[in-house]
Amino acid sequence: MALDIDDMKVLNDRYGVPVGDRVLAAVASSLVDQARRFDIVARSEGDEFMVVVEDFDEPATLGKIARNLLEAVAQPFKIEEHDIYVTSSIGISVY
């Protein structure tokens, strides 16, 4: 799965790059917390993350995992005095 934070440039412009970096770290932590035990979560570049899911029983399971990841990222992040909300987009590829 490829997950991208929407409008990261707007967030950086509004709050500054240091806050944006902390948001990325918080997003990464949320993704790791939400991922299953053997899934792999990695930041590929900028505001993009990859989640490798190796063991699933049917394609619908991937949709459920993707929804859980999107919901985890949609929670507000408390950075300094700001409650920051982000949205994200996700794509799924099966090999």
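What percentage of the 95 residues of the protein count as buried? The share is 34%. Keep in mind that this is a predicted model. The exercises below work through it.

**Exercise 1. The fold in outline**

Task: Find how many helices and strands there are, and in what order they run.

Solution.
- Step 1. Count the elements. The protein has three helices and six strands.
- Step 2. Walk from the N terminus. The order is β-α-α-β-β-α-β-β-β.
- Step 3. Judge the overall build. The radius of gyration is 14 Å, and the globule rule gives 12 Å for 95 residues. Those values are close, so the protein is as compact as a globular protein of that length.
- Step 4. Look at the extent. The C-alpha trace spans about 40 × 20 × 20 Å along its principal axes.
- Step 5. Ask how far apart in sequence the partners in contact are. Take contacts between residues at least 6 apart; 59% of them join residues at least 24 apart.

**Exercise 2. The core**

Task: Describe the largest nonpolar core and say which element gives the most to it.

Solution.
- Step 1. Size it. This core holds 23 residues.
- Step 2. Pick out the residues with the most contacts inside it. They are Met1, Ile5, Val23, Val27 and Val86.
- Step 3. List the elements that supply at least two core residues each. They are β1 (2-5), α1 (8-15), α2 (17-34), β3 (48-52), α3 (59-74) and β4 (77-79).
- Step 4. Name the main contributor. Helix α2 gives the most, with six residues.
- Step 5. Zoom in on Val27. Set aside its neighbours within four places in sequence. Val27 then contacts Ile5, Phe49, Val73, Phe77 and Val86.

**Exercise 3. Surface and charge**

Task: State how much area the protein exposes, and how far apart the mean positions of its positive and negative charges are.

Solution.
- Step 1. Read the area. The protein exposes about 6100 Å².
- Step 2. Split it by atom. Carbon and sulfur atoms supply 51% of that area.
- Step 3. Count charges. There are 9 positive and 18 negative ones.
- Step 4. Compare their centres. The two mean positions are 4 Å apart.

**Exercise 4. Two positive phi angles**

Task: Locate Asp7 and Glu80, and classify each as buried, partly exposed or exposed.

Solution.
- Step 1. Recall the usual case. Most residues other than glycine have a negative phi.
- Step 2. Check Asp7. Its phi is positive, about 55°, although Asp7 is not a glycine.
- Step 3. Place Asp7. It sits in the loop between β1 and α1.
- Step 4. Classify Asp7. Its relative accessibility is 58%, and exposed means over 50%. So Asp7 counts as exposed.
- Step 5. Check Glu80. Its phi is also positive, near 55°.
- Step 6. Place and classify Glu80. It lies in the loop between β4 and β5 (82-84). At 45% relative accessibility, Glu80 counts as partly exposed.

**Exercise 5. Two strand residues**

Task: For Lys78 and Ser89, give the strand, the exposure and a distance to a residue far along the chain.

Solution.
- Step 1. Start with Lys78. It is in strand β4.
- Step 2. Its relative accessibility is 54%, so Lys78 counts as exposed.
- Step 3. Lys78 and Val23 are 55 residues apart along the chain, yet 8.7 Å separates their C-alpha atoms.
- Step 4. Turn to Ser89. It lies in strand β6 (residues 88-91).
- Step 5. At 37% relative accessibility, Ser89 counts as partly exposed.
- Step 6. Ser89 and Glu48 are 41 residues apart along the chain, with C-alpha atoms 9.6 Å from each other.
- Step 7. Finish with contacts. Leave out residues up to four places away in sequence. Ser89 touches Ala2, Leu3, Asp4, Asp6 and Leu70.

Key. Residues numbered from 1 in each chain as written. Predicted model: local features only at pLDDT ≥ 70, side-chain atom pairs only at ≥ 80, totals over all residues. Heavy atoms only, no water. Core = buried A, V, L, I, M, F, W, Y, C linked by side-chain atoms within 4.5 Å. Buried < 20%, exposed > 50% of the residue type's maximum accessible area, 1.4 Å probe, protein only. Helix = DSSP H or I, 4+ residues; strand = E, 2+ residues; numbered from the N terminus. Contact = heavy atoms within 4.5 Å. Rg over C-alpha atoms; globule rule 2.2 N^0.38 Å. Areas by Shrake-Rupley, 256 points an atom, 1.4 Å probe, with all protein chains shown as cover. Lys, Arg positive; Asp, Glu negative; His and termini not counted. Charge placed at Lys NZ, Arg CZ, Asp CG, Glu CD.
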